[in-house]
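Student: I am new to this protein. Can we go through it step by step?
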Amino acid sequence: MTTLHTPEHTLFDDEPATEYPTGLREKLMAAVRPEFRSAVLVVAPDDPVFGSSPCLVGPCERAARLHGMCIAHHQRWDAEGRPDTTEFAAHTASQIRGDGTMMSCAVAGCGYGRTGHGLCITHVRQWHLADRPDISAWLPTCPTVTTPAPHGQCRVKSCELWATARIPFCVSHAQRWRKAGRPDVAEFAVAHEQTPHHGETIDLLVLPARLRLEIQTSSHLASLG
Ligand SMILES: [Zn+2]
Ligand SMILES: [Zn+2]
Ligand SMILES: [Zn+2]
């Protein structure tokens, strides 16, 4: 079933009360149990409201939306020229961009997160300096990185990437942290620890308040059967 995360970011915390007709906000709040006021919904494929059959890409646990695939895999499939879906599902990586499990730089031993071309910012620079050769041919010529993480690990414990020089998170978590308005580092780290790596997440904070409430209310009602 659908589970809810990051309870510290609750509904309406960021909303002015005046946005709702008098009394409506209170009524709606009363109708939604506290655990359903969470900001991030993790949608399981068997969720009665948002679920559907699981994505064709085996280990991907997101609900299928288009052509038997989750949105992310459908996008990749489309970008690859819409090959045979069964073949695509069998060969493509289940991991997707923006996933909880972010990938490290393709250079052996480098633990920084990827920023482009499968490389971290340092290695992307080196690759540019080398006149942008074919990456697969260039990679084996790169010396293996043997030094430990220069700035430590990303503070999100479940994240295995190296922290960046200025912000104590990997590139991906640093980006989310900046987007979230640079909250307390420890609190942010804990909140992101609670978000599982699998399943489709709907970040309710990016939705307009009314739509957000509608989703929360319907997932609440669905849970009541
Ligand atoms: Zn998928
Ligand atoms: Zn690197
Ligand atoms: Zn991280």
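Tutor: Helices and strands here are DSSP runs, numbered from the N terminus. The model is a predicted one.

Student: How many helices and strands are there in the protein?
Tutor: Follow the elements from the N terminus on. They run β-α-β-α-α-α-α-α-α-β-α. That gives three strands and eight helices.

Student: Which elements give two or more residues to the largest nonpolar core?
Tutor: Start with the core itself. The largest nonpolar core has 22 residues, and Y112, C154, L161, F169 and C170 have the most contacts inside it. Two or more residues come from each of α6 (171-179) and α7 (185-193).

Student: What does F169 touch, not counting residues up to four places away in sequence?
Tutor: F169 is among the residues with the most contacts inside the largest core. Leave out residues up to four places away in sequence, and F169 touches C154, R155, V156, A163, T164, A174 and W177.

Student: Why are the buried residues of α7 on the same side?
Tutor: A residue counts as buried if 20 or more other C-beta atoms lie within 10 Å of its own. In α7, F188, A189, A191 and H192 are buried. They sit on the same side of α7 because they cover an arc of only 165 degrees around the axis.

Student: Which residues are exposed on the other side of α7?
Tutor: Exposed means 12 or fewer such C-beta atoms. On that other side of α7, the exposed residues are A186 and E187.

Student: What percentage of the residues in the protein are buried?
Tutor: The protein has 225 residues. The buried part of them is 28%.

Technical notes: Residues numbered from 1 in each chain as written. Chains lettered and ligands numbered in written order. Predicted model: local features only at pLDDT ≥ 70, side-chain atom pairs only at ≥ 80, totals over all residues. Core = buried A, V, L, I, M, F, W, Y, C linked by C-beta atoms within 7 Å. Helix = DSSP H or I, 4+ residues; strand = E, 2+ residues; numbered from the N terminus. Contact = placed C-beta atoms within 7 Å. Arc of directions from axis to C-beta.
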